[in-house]
Amino acid sequence: MKHRIEALRKIMQENRLDGLFVTKQENWQYLSGFTGTNAILLFTLSDNYFITDFRYLEQAQQETEGFHIIKPRTVVEEALADQITSLGLNRVGFEGDNLTYSQYAGYKEKIPGVELISLFQAVEKIRQIKDEQEIEDLRKAASITDQAFDYILDFIRPGVRESEIALEIEYYMKKQGAQKSAFDIIVASGPRAALPHGVATDKELAAGELVILDFGAVFAGYHADMTRTVVLGKPDADQQKVYDIVLTAQKLALEAVKPDVKCSQVDLVARDFITVNGYGANFGHGLGHSVGLEIHEKPAFAPRDDTVVRQGMAMTVEPGIYLSNWGGVRIEDLVLVTGSGCEILSRSPRELIIL
Ligand code: ZN
Ligand code: ZN
């Protein structure tokens, strides 16, 4: 955690802050290791303070290191204001995209003499580059996800409900050590596969349908995310054709992921290929997103995201084609940007699986 806090202090110096407090859950988890649900971290240029309520005092002592743990007399917000006052801080940063307006107004009232400076995505920017521990956890999450895909193939057949498949995947992932499912599992069969976010329903699978499965395991807070599309029985010419276009688009995009290219350029590689093949209008979402402690992080492989790709970013590559009243195909893998390209963390086969 030390190098993470050092990076944060650099941001404090750049913004001429003598204090900074962190209120977003994933961010305090990242900076302290604390896994509870209520905390505020306060940093000065020399010290780290951890404020939580009575329920979590013992857990905070066990999970964190290098923090002065503060026991609030009332609520954590009150304790933070008191601490800022007693330390005599003047210019204090906060997470402008996390604090609500009423919380902000509350601090303005409690510590009127303190200049409060709104920071945008400060900790998130540090989180964009994954360190070794994070990469290890992401690998584990991806591996559980792969195992679940392998396991579920035997279960997928006409007559089974989408919701039964989702439940089985979730149960299996947890048995393999996942904390939870990364999001509501998507099982979208037949015409429902035209919905990019078709969360499983009680619809029964039918012969001849394409089935999109999009899911991921969470391990030690880190999210995996993978999509495979399978077909029930021999694919017809259109199903095979659309599948092949998506697969090639993904392959080209995976080859384009490397340090120093813009995220939008990687998106364009897949988008161009799908467009020249006639389905540009049917690929209505970005090519991918970053993952980590949250399922959707920045930057994204999207037309308007010109962030430069850097080594250590963990991102998905997930082109898709969706046709209403017909269905859809999406193939998604989680990759880690290396010094010269990317390593694909999901290992499940990408060729069309016929069940
Ligand atoms: Zn996904
Ligand atoms: Zn995704």
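A residue counts as buried when its relative accessible area is under 20%. This report applies that term to a predicted model and describes a zinc site and a small sheet.

**The zinc site**

The zinc ion (ligand 2) is held by four protein donors, D225 (OD), H289 (NE2), E318 (OE) and E332 (OE), which lie 2.1 to 2.2 Å from the metal. Along the chain, these donors follow the spacing D-x63-H-x28-E-x13-E. H289 and E318 link distant parts of the chain, being 29 residues apart: H289 belongs to strand β13 (residues 288-290), whereas E318 lies in the loop between β15 (314-317) and β16 (320-323). Both residues fall below the 20% limit and therefore count as buried, as the table shows.

| Residue | Relative accessible area | Class |
|---|---|---|
| H289 | 9% | buried |
| E318 | 8% | buried |

For four tetrahedral donors, the ideal angle at a metal is 109.5 degrees. The angles among the four donor atoms of the zinc ion (ligand 2) run from 76 to 151°, and the site is irregular. A second metal, the zinc ion (ligand 1), is 3.1 Å from the zinc ion (ligand 2), and D225 coordinates both.

**The sheet**

Three strands, in the order β7-β10-β11, make up an open sheet with antiparallel pairing. Strands β7 (180-181) and β11 (222-223) stand at the edges; each has a single partner strand, so one side of each has no neighbour in the sheet. Two bridges connect β7 with the antiparallel strand β10 (residues 217-219). S181 has A217 in β10 as its bridge partner.

How values were computed:
Residues are numbered from 1 along each chain as its sequence is written. Chains are lettered from A and ligands numbered from 1 in the order in which they are written. This is a predicted model: local features need pLDDT of at least 70, side-chain atom pairs count only at pLDDT 80 or more; totals for chains, interfaces and linings use all residues. Side-chain values use heavy atoms; hydrogens and water are left out. Two strands pair if DSSP finds at least two bridges between them. Helices (H or I, at least four residues) and strands (E, at least two) are DSSP runs, numbered from the N terminus. Donors are N, O and S atoms within 2.8 Å of the metal (3.2 Å for Na, K and Ca); water is not among the atoms, so sites may look incomplete. Four donors count as tetrahedral if all angles lie between 85 and 135 degrees; four count as square planar and six as octahedral if opposite donors are over 155 degrees apart and all others between 65 and 115; anything else is irregular. Buried means under 20% relative accessible area, exposed over 50%, partly exposed in between (1.4 Å probe, protein chains only).
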